[in-house]
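Visitor: I would like to walk through this model and ask how each label is earned.
Guide: Good. Here it is.

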Amino acid sequence: MSTSPRGEHDTGHMEFLLTLRRRGIGDQAVLRAMDEVPRARFVEAEFSDSAYADQALPIPCGQTISQPYVVAYMTEQLALQPHHRVLEVGTGSGYQAAVLSRLAREVVSIERYRTLADQARGRLASLGYINVEVVVGDGFAGVPGRAPFDRIIVTAAAERMPQTLIDQLADDGVMLLPLGAHGETQHIIKLTKSQTGITRENLIPVRFVPLLPGQAQEL
Ligand code: SAH
């Protein structure tokens, strides 16, 4: 056992931030959040040796915890401010939500699998991340009762632009989502809402599990 939850004495963990920097993450607050959140607590026990490798890993319900670089990249692109309220679609392990919670006032995260939502909620609570609320439901519908959101981050790949989520974005809001056909390379799209309309930028190529309609019928 290491002496910290994060395993600071592992070379794997020391490499972790170096890799993020080398790949171009420069925002100090984002790097600090990535350093602070113990990814080992969000992966399955059998993968704990790989917790700080820069790769996606399997989680229950056939889903994945995203690659650290992609988590850091999307977080950096959100340009979070301490007063921001954020919606995440696709809680999964809760890792991305934990990172967001270090940089924003409040995070609402929605997941279609109850099993994943319950596990993530338990982890986040045990780590003391009290400004995250995990809800079970269909992320395509967003969380209208809590809208508008300053930032929205979708962590599963949509095949087309989810208009309902755009509607839940505040003025001057930013939404990031992976867009593209399932099973193929998608691109992270950044939408910025202003009084004159929506501007769209295409960012890096990525590969995410699909954003699926409806709450999961299985647990
Ligand atoms: N952000 C996660 C990674 C999530 S993988 C993490 O840090 O671990 C994508 C997640 O999106 C999966 O858990 C999947 O079940 C969920 N998902 C897919 N479609 C969804 C939808 N329509 N509503 C809510 N969650 C959805």
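Visitor: Which residues lie nearest the centre of the second largest pocket, and how many line it?
Guide: Thirteen residues line the second largest pocket, and Gln-67, Val-70, Val-206, Arg-207 and Phe-208 lie nearest its centre. The elements giving two or more residues to this lining are α3 (68-78) and β9 (197-206). β9 has the largest share, with three residues.

Visitor: What kind of model is this, and how is it numbered?
Guide: It is a predicted model: local features need pLDDT of at least 70, side-chain atom pairs count only at pLDDT 80 or more, and totals for chains, interfaces and linings use all residues. Residues are numbered from 1 along each chain as its sequence is written, and side-chain values use heavy atoms, with hydrogens and water left out.

Visitor: What makes an empty space a pocket or a cavity?
Guide: Work on a 1 Å grid over the protein atoms alone. A cavity is a set of points where a 1.4 Å probe fits but cannot get out. A pocket is an open set with protein on both sides within 12 Å along at least five of seven lines. Lining residues have an atom within 4 Å of a point.

Visitor: How many cavities are there, and how much space lies in the largest?
Guide: The structure holds one cavity of 30 Å³ or more. About 340 Å³ of space lies in the largest cavity. A volume is the space filled by probe spheres set on the points, which are joined across faces, edges and corners. Of the 30 lining residues, Gly-90, Thr-91, Gly-92, Glu-111 and Thr-155 are closest to the centre.

Visitor: How do you know where the ligand sits?
Guide: The space taken by the ligand is the largest cavity. The test is that more than half of a molecule's atoms lie within 2 Å of the grid points.

Visitor: Which residues count as near the ligand?
Guide: A residue is near if one of its heavy atoms lies within 4 Å. There are 27 residues around the ligand, and Glu-88, Ser-93, Glu-111, Gly-139 and Leu-212 come nearest. β2 (63-65), α4 (95-101) and β4 (106-111) each supply at least two residues of this shell. β2 gives the most, three. Helices (H or I, at least four residues) and strands (E, at least two) are DSSP runs, numbered from the N terminus.

Visitor: Why is the pair between the ligand and Ser-93 called a polar contact?
Guide: A polar contact is a pair of N or O atoms within 3.5 Å; within protein, one must be able to donate a hydrogen and the other to accept it, and residues adjacent in sequence count only if both atoms are side-chain atoms. A ligand oxygen is 2.6 Å from an N or O atom in the side chain of Ser-93, so the pair qualifies. A ligand nitrogen is 3.0 Å from an N or O atom in the side chain of Asp-138. A ligand nitrogen is also 2.7 Å from a polar backbone atom of Gly-139.

Visitor: What makes Pro-148 and Cys-61 worth a look?
Guide: Most residues other than glycine have a negative phi, and most peptide bonds are trans. The bond from Ala-147 to Pro-148 is cis, with omega near 0°. Pro-148 is in the loop between β5 (132-136) and β6 (149-154). Cys-61 is not a glycine, yet has a positive phi of about 65°. Cys-61 is in the loop between β1 (57-59) and β2.
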